[in-house]
Structure formats: structure tokens, C-alpha cells
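User: I have a model open and want to know what stands behind the labels put on it. Please take me through the reasoning.

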Amino acid sequence: MCRALLVVLLAAAPAAAQPDKLTLDRVFASDDFRGDAPPSIHWLDGGAYTTTRPAKTHKGARDIVRVDAAGAEEVLVPAAKLIPPGKTEPLAIHGYEFAPGLDLVVVYTNSARVWRRNTRGDYWTYRRSTGQLAKLGGDAAPATLMFAKPSPDGTRVGYVRGNDLYVEPAAGGAAVRLTAGGSEHVINGTFDWVYEEEFACRDGWRWSPDGKAVAFWQLDTRGMKTFTIPDGTDGTYPKLKTFAYPRTGERNALCRVGVVPAVGGPPRWLDIPGDTRTDYYVPRVEWAGNSTELVVQRVNRLQNAVDVMLADAATGKVRTVLTERDGAWLDVQDEPIEWIGKGAAFTWISERDGWRHLYVAARDGSFFRRVTGGNFDVIRVVHVDEAAGTVDFLASPENATQQYLYRTAIDGSGTPKRLTPDRPGWHDYDIAPGGKVAVHTHSAFGLPPRTELVSLPDHKTVRVLAANDKLRETVAKLARAPAEFVRADVGGGVRLDGWLMPPAGFDPAKKYPVVFHVYGEPAGQSATDRWGGRNYLWHLMLTQQGYAVACFDNRGTPCPRGRDWRKAAYRKVGTLASADQAAAARDLLKQRPYLDASRVGVWGWSGGGSMTLNQLFRHPDVYHTGMAVAPVPDMRLYDTIYQERYMGLPADNAADYKHGSPITHAAGLKGNLLLVHGTGDDNCHYQGVELLADRLIELNKPFTLMPYPGRSHSINEGANTSRHLYALLTRYLTAHLPAGPR
């Protein structure tokens with residue numbers, strides 16, 4: 001007991017003077033590990049780009065600059081030009097967009113959070129030729145406009161206000177209201193909670209290429225069931241936040257897509273068949289390479305059928321040009337559709353041959369041709385260069401924990417060539433129009449990222465954008481044992497990828513506790529050879545205290561290991577994953593005799609919190625202490641789009657929903673359980689933890705519950721919250737899973 005108390009006190013002590021030691025204060029309350037922020041780049045033609053730089057005239061303000069391919073800078077918009085009338089300080093630039101020609105810029109400022117991201121704020125226009133600075137929205141209250149964008153000719157700016165669409169002359173004048181009826185329930189130009197969270201839909205409107213029309217989504221949440229979250233931290237009486245939230249099996253919003261003239265007038269609604277309240281979703285709509293047609297992705301409720309449709313903007317009539325079907329589920333196409341052959345064909349990603357590959361499909365449906373092929377997955381297409389006849393994509397055929405850049409011919413001929421140098425780890429790219437230069441970011445496990453501008457295809461460094469030398473030096477001084485990438489045999493010829501962080505300076509003749517970090521849902525990959533930020537540093541702190549930390553990706557996670565790997569989890573979420581994770585833990589304990597099988601912990605967040613519960617409840621012989629942060633104890637309580645995608649409809653699959661949910665297996669708890677949840681979580685509701693707590697009380701099972709008042713799913717709002725949370729987790733491990741060798 002005395003030793004455990006000493007470790008807790010040390011963990012909570014002020015930042016250590018020793019550069020090789022980590023403390024909670026160093027990780028969560030100091031600038032020791034603050035890295036260099038890479039510039040936010042907006043590409044122009046010829047390898048040039050715009051970005052922001054600190055202004056010399058005003059402390060904390062930023063100029064908008066143009067940087068050419070050689071690195072020469074030109075100030076386009078000085079911060080001094082962005083001072084509103086009656087003010088002394090320039091606008092804080094939270095985002096910006098130039099109209100073609102770089103004369104008009106729309107500046108986003110005073111941003112405010114909507115659900116997970118800051119998507120509401122104030123917008124100003126600045127015209128370089130006249131020096132005119134003007135605020136959009138007239139008498140609109142502060143931070144109430146959304147998604148303002150200049151028209152293609154730079155004469156107007158459109159935006160969402162009060163869930164309606166407006167277009168305002170850039171030179172000043174009255175705004176034209178394009179939609180009517182916007183309200184809490186009728187949403188034009190943006191989305192409801194579930195479309196935003198699960199389809200990443202936020203900006204819900206698009207200028208036509210000629211600027212004469214606007215296409216937009218409209219969602220009507222009337223008739224949907226709502227969820228209410230009380231907030232007792234703001235005022236004498238709790239405040240209630242109520243919003244439409246469709247749980248599994250419930251009704252969704254009515255969703256339709258309209259096209260309206262940019263000068264105003266009645267909308268033309270697209271004739272997309274099916275009832276979006278019960279049977280379909282419309283998650284993707286874009287102009288189809290011209291100003292007369294739109295390309296629409298319609299997804300059925302089970303999300304195992306996607307129809308790609310072309311819609312006539314003038315008549316609303318639609319025709320299907322491509323269909324995808326799968327026995328499990330299909331992911332919505334997030335790759336931007338590229339129109340090639342003068343608009344006669346478009347690019348498409350499909351798993352129909354068992355691997356994720358790039359295809360080219362005819363606009364008239366006459367052909368469908370594969371571009372990439374072989375037993376590997378295209379992780380993401382990053383550039384299509386029709387003029388050069390090439391396509392660049394990310395893949396890792398040999399190692400699913402890593403990522404590299406490849407180039408191949410768009411006609412499908414030849415063999416893909418790897419452009420990334422032989423530097424193990426994780427490589428990401430943002431390629432300029434024309435494909436001659438790219439922003440390249442490289443990191444590896446335990447190695448912070450370095451961002452540079454490189455030329456392609458030779459991959460030579462043009463200049464460094466964010467070196468992170470100081471951060472790399474700081475991390476390199478930390479006491480640590482070399483991390484390992486390992487594979488675990490879970491039976492049936494299946495081996496899982498994972499990583500293992502041994503205790504710092506460990507003695508292989510002794511036994512050490514191990515903590516497994518888990519996620520395991522189809523939404524994310526965890527065992528990757530990339531920089532892990534604060535989670536990595538906290539895990540490293542644990543290894544300095546005498547723990548080993550490990551992580552595996554089970555079947556069903558989105559690893560580039562083929563369709564069958566990913567779709568193995570269909571209707572088995574929570575069941576297959578927990579079995580895989582337990583089998584991997586058993587195998588790792590056999591592989592590494594210095595790991596103590598009597599001291600095994602597990603922790604995770606969100607889906608990882610649910611996985612933690614499943615491991616403790618289903619496999620108490622393996623796991624002895626668990627910390628579940630923001631879990632979903634009962635899958636029936638989660639939303640339609642996410643849960644039904646992987647589990648089907650609860651009415652058709654009630655047994656699997658029940659068997660996959662941790663709460664069903666709560667009687668199996670034998671070890672130590674810490675539940676942590678934000679009471680203001682709009683995603684994975686606190687109600688689920690309340691129901692689990694009620695069940696554990698009924699079963700007379702001891703556990704510890706820590707609610708974070710008013711915090712959301714990220715549990716990071718408010719002063720000191722992250723520091724407090726990780727101190728809690730550290731104390732719990734120290735008390736219930738003693739560190740150090742035996």
C-alpha cells in the first residue's frame with residue numbers, strides 16, 4: 001500500500017526536471033511536447049499555394065500570403081487590412097477562401113463549435129483591388145453564419161443562416177434568400193446530428209460550376225425521436241439540450257436535394273426514389289463535372305447497396321449509372337469523383353474483387369474498368385492526372401501497419417511504382433494540381449512527424465515546412481525500451497498485427513504487468529507505425545513506471561488486409577472482436593515470458609470503452625483491471641447509421657445485438673472496473689453507463705464510476721479536464737494493477 005501511494009504521488013508531482021522522465025504535468029500541462037504546426041496550404045496552379053504567416057504589424061495576427069514553387073512569398077492580404085471599423089485589432093483568421101483570380105477573399109472568424117467541430121462563425125469579404133472589408137449577413141447575430149463560399153466568378157457569396165441559404169453580392173447590397181422554412185427541424189444547407197456524425201456531412205450546399213445555381217440538401221427531422229441532455233454546470237437550474245437522435249431501428253430525417261437559381265426562385269427537387277425516413281440515405285451529392293447534372297450516391301438503410309445516379313438539374317429526373325452490392329456493408333464513397341475523358345467517365349473505388357481498388361466507370365453505364373489490381377488495398381487515391389495518364393494512391397501491400405505513395409497508369413497497364421523512399425512508417429500526401437509537388441508528412445511509432453514540400457515523382461525535398469526537430473530531440477531523450485511490432489496467432493490461420501511497448505529498462509528474467517489499449521470497431525485502425533501524440537506519451541509514462549503496453553487490431557477493423565478481413569465483423573460487432581483480442585492477449589503472454597499473466601489490464605475510449613467492458617465481462621480469466629471511457633454498453637442505444645451498417649436492423653437481428661452488447665455479459669465481471677463518461681456526451685450517451693451501473697448494482701458487482709459534468713464525448717472541455725482524466729486513469733492502474741517487476 002505504501003509503495004502504491006508513493007507511485008501515485010510521484011505521478012501527480014509537478015513537471016520533472018529530468019529530461020528522460022515523463023510525468024502527467026509534462027504530458028498534459030506543459031509545452032514540452034508542443035510540436036511545429038505545419039502550414040495550412042491552399043493549392044494554386046503551378047505548385048504555388050496560399051497560406052498564413054505571423055504578421056509583423058500586429059502581435060498574434062496573421063497575413064495571408066502566396067508562396068510560389070521556389071519559396072518566394074508575396075503578401076496578398078496584410079493583417080492590417082482586416083481590421084473592422086471601430087476596432088484596433090485584425091480579424092483572427094480561422095479559415096479563408098479566395099475566389100478565382102485572388103482578388104476576393106472570404107475570411108472565416110469568431111468560430112463556434114457545432115457538435116464536434118467549429119462550423120459556425122462570422123464571415124467577412126475583402127477585395128484586394130479596392131481595399132474594401134465588409135461583414136456578411138447584415139444584422140446577423142455574432143457567430144451565426146455557416147459555410148460561406150464565393151461564387152465561381154467572385155461576384156457573390158453564399159452562406160447558411162438560421163438553416164436557410166442566402167446569396168449576397170460581394171460588392172455589397174441586400175442578400176437574396178434562396179430557401180424558406182429553415183428552423184430547428186427543417187435544415188437547409190447543412191445537416192442533422194446523425195448525418196454529420198456518421199457520414200461526415202457538414203457543408204450541405206454547392207455552387208454550380210457556372211455560378212448560376214445552387215444545389216443543397218434539406219433535412220426535415222419532424223417525426224424523429226429526440227434525446228435530451230441536462231447540463232447542471234451552467235446556472236442555478238439545469239439547462240436542457242434536446243435534439244433529434246435516431247437510435248437503431250428508429251425513423252431518420254426526411255432528406256431531399258434541391259437545385260435553386262442563384263438569383264432566387266422555387267427549388268427543383270431531385271426525383272430520388274425511396275423514403276429516406278425509413279429506407280434510404282443520400283450522403284453524397286456533387287455537380288457532375290458540368291452545370292447541368294449532379295452525381296448522387298443513394299444508400300439503402302442496410303448500407304449494403306449503393307446506387308450512383310446522375311440527376312438532371314433542370315428537370316430533377318435521375319438515372320442510375322453504377323450499382324454496388326455487398327453481402328455485409330458498403331462504405332460511402334469518400335474519394336472525390338474525378339471526371340475524365342471530357343466528362344465521359346468517372347473514377348470509383350470498389351471492393352467487388354475482394355480488395356479495395358480504383359475503377360473507371362462510363363457516364364452512360366457502358367463500361368466499368370479496373371485501374372489497380374492485385375492482392376492489396378488502395379487505401380486512398382490522392383491525385384488523378386489525366387493529362388499524364390497517371391494516378392497516385394496510398395497503399396501498403398507488405399505491411400498493414402504502414403502507408404506509402406504509389407503511382408500507376410490510369411489505363412490499368414503496367415505495375416504500380418512506389419514513389420515513397422525506403423523510410424518505414426506512415427507517409428501522407430497532399431498533392432498539388434499537376435502532380436509536380438506535394439506536401440509530404442512522415443512519422444513512425446515514437447517518432448514525431450516531419451512535414452516537407454517534395455517534388456514528384458523523384459520525391460526530393462524542396463523545403464521543410466515543419467521540422468519538429470525540438471520535439472524529436474525531446475522525445476529522443478526519454479527513457480524507453482525499443483517498441484516492437486508483433487503478430488499474434490488467434491487460431492484458424494489468423495494473425496493480428498500489433499505493437500508492444502516493454503517497460504523501460506526491464507529485466508527479461510522478471511515479470512511485469514501489461515495494459516492493452518483497445519478499440520477494435522470497424523471505424524478505426526489502432527496498430528499503426530505512426531506518431532501517437534499524447535496517448536503515446538502517456539503509454540510511455542506507464543512503461544517508465546514499470547508497465548508494458550500493447551495494442552492489436554482485430555478482424556473487422558479497417559486495415560488494408562482485404563474485404564474479407566474487414567467484413568468478418570458483420571453482425572458480430574463486440575463478439576468476434578472480443579474473442580480476437582482475448583486470443584491475441586493469450587498468445588502475446590506466451591510469446592513474451594516477462595509479461596505477468598496475473599497482472600493484465602485493458603483500457604479504451606468510445607468503441608474501445610465498449611471493448612474494455614466486453615473483455616472484462618467475457619474473459620475475466622485474462623483481464624483483471626479495466627478502464628472504460630465513454631462506452632456504449634448496449635448497441636441498441638446507438639444511432640441508426642453507424643450501428644445498423646455493421647449489425648443490420650435490430651428487428652431482424654435482435655439476438656446478435658443482445659449478444660454483442662457488453663451489458664448482456666455483466667455477470668461475468670470479476671476484476672476491477674472503472675467507468676468514465678461525460679454527462680454531456682451527445683454521441684455515446686451517459687444513459688448507457690447509467691443502465692450498466694444499474695445492472696451491476698443488481699448483480700452486486702463492485703465498480704467505480706467517474707462522471708465528468710457537462711463534458712462531451714471527447715471529455716476535454718473546461719480547465720484541466722484532460723490532466724484530471726489521465727491522472728484518474730493512472731491512479732486507478734496504480735491502485736489495482738501494481739506496477740513494476742516481480
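User: How many salt bridges link domain 2 and domain 3, and what makes a pair count as one?

Analyst: The count between the two domains is three. Keep in mind that this is a predicted model. A pair counts when a side-chain nitrogen of Lys or Arg lies within 4 Å of a carboxyl oxygen of Asp or Glu.

User: Why is the pair Lys567 and Glu351 called a salt bridge?

Analyst: Their side chains meet at 2.7 Å, N to O. The cut-off is 4 Å, so the pair Lys567 and Glu351 qualifies.

User: What makes Arg356 and Glu335 a salt bridge?

Analyst: The closest N and O atoms of Arg356 and Glu335 are 3.6 Å apart. That value is within 4 Å, so the label holds. By the same rule the count comes to 50 salt bridges.

User: Why is the pair Arg356 and Glu335 said to tie parts together?

Analyst: Arg356 sits in the loop between strand E25 (345-350) and strand E26 (357-362). Glu335 sits in the loop between strand E23 (318-325) and strand E24 (339-340). The two parts are 21 residues apart in sequence, so the pair ties them together.

User: How do you know that domain 2 and domain 3 are in contact?

Analyst: The domain assignment gives domain 2 as 335-466 and domain 3 as 477-736, along with domain 1 (37-177). The C-alpha centres of domain 2 and domain 3 lie 33 Å apart. The contact takes 19 residues from domain 2 and 20 residues from domain 3. Contact requires heavy atoms within 4.5 Å, so these residues are picked by their atoms, not by domain centres.

User: What area is buried between domain 2 and domain 3, and which three residues of domain 2 supply more than any other three?

Analyst: The buried area is about 1700 Å². Carbon and sulfur atoms give 60% of that area. On the domain 2 side, Ala400, Thr401 and Phe445 supply 41% of what that domain buries against domain 3.

User: Why is the space lined by Pro631 and Val632 called a cavity?

Analyst: A 1.4 Å probe fits there but cannot get out, so the space is a cavity rather than a pocket. The largest cavity has a volume of about 50 Å³. Its lining also includes Leu637, Tyr638 and His685. By class, that lining has six nonpolar, three polar and no charged residues.

User: What makes the second largest cavity count?

Analyst: The count takes cavities of 30 Å³ or more, and there are two. The second largest cavity holds about 40 Å³, which clears that mark. Among its lining residues are Leu104, Tyr126 and Arg127. Strand E7 (117-127) and strand E8 (132-135) each supply at least two residues of that lining. By class, it has five nonpolar, two polar and one charged residues.

User: Why is the space around Arg206 and Trp287 called a pocket?

Analyst: A pocket is an open set of points, so the label says that this space is not sealed off. The second largest pocket has a volume of about 1200 Å³. Of its 35 lining residues, those closest to the centre are Arg206, Glu286, Trp287, Pro336 and Ile337. Strand E20 gives the largest share of the lining, five residues.

User: How do you know that two domains share this pocket?

Analyst: The lining of the second largest pocket draws at least three residues from each of domain 1 and domain 2.

Definitions and conventions. Residues are numbered from 1 along each chain as its sequence is written. This is a predicted model: local features need pLDDT of at least 70, side-chain atom pairs count only at pLDDT 80 or more; totals for chains, interfaces and linings use all residues. Side-chain values use heavy atoms; hydrogens and water are left out. On a 1 Å grid over the protein atoms alone, a cavity is a set of points where a 1.4 Å probe fits but cannot get out, and a pocket is an open set with protein on both sides within 12 Å along at least five of seven lines; lining residues have an atom within 4 Å of a point. Grid points are joined across faces, edges and corners, and a volume is the space filled by probe spheres set on the points. Helices (H or I, at least four residues) and strands (E, at least two) are DSSP runs, numbered from the N terminus. Domain bounds come from an automatic or database domain assignment. Buried area is the accessible area (1.4 Å probe) that two parts lose on being put together, summed over both. Ala, Val, Leu, Ile, Met, Phe, Trp, Tyr, Cys and Pro count as nonpolar, Asp, Glu, Lys and Arg as charged, and the others, Gly among them, as polar.
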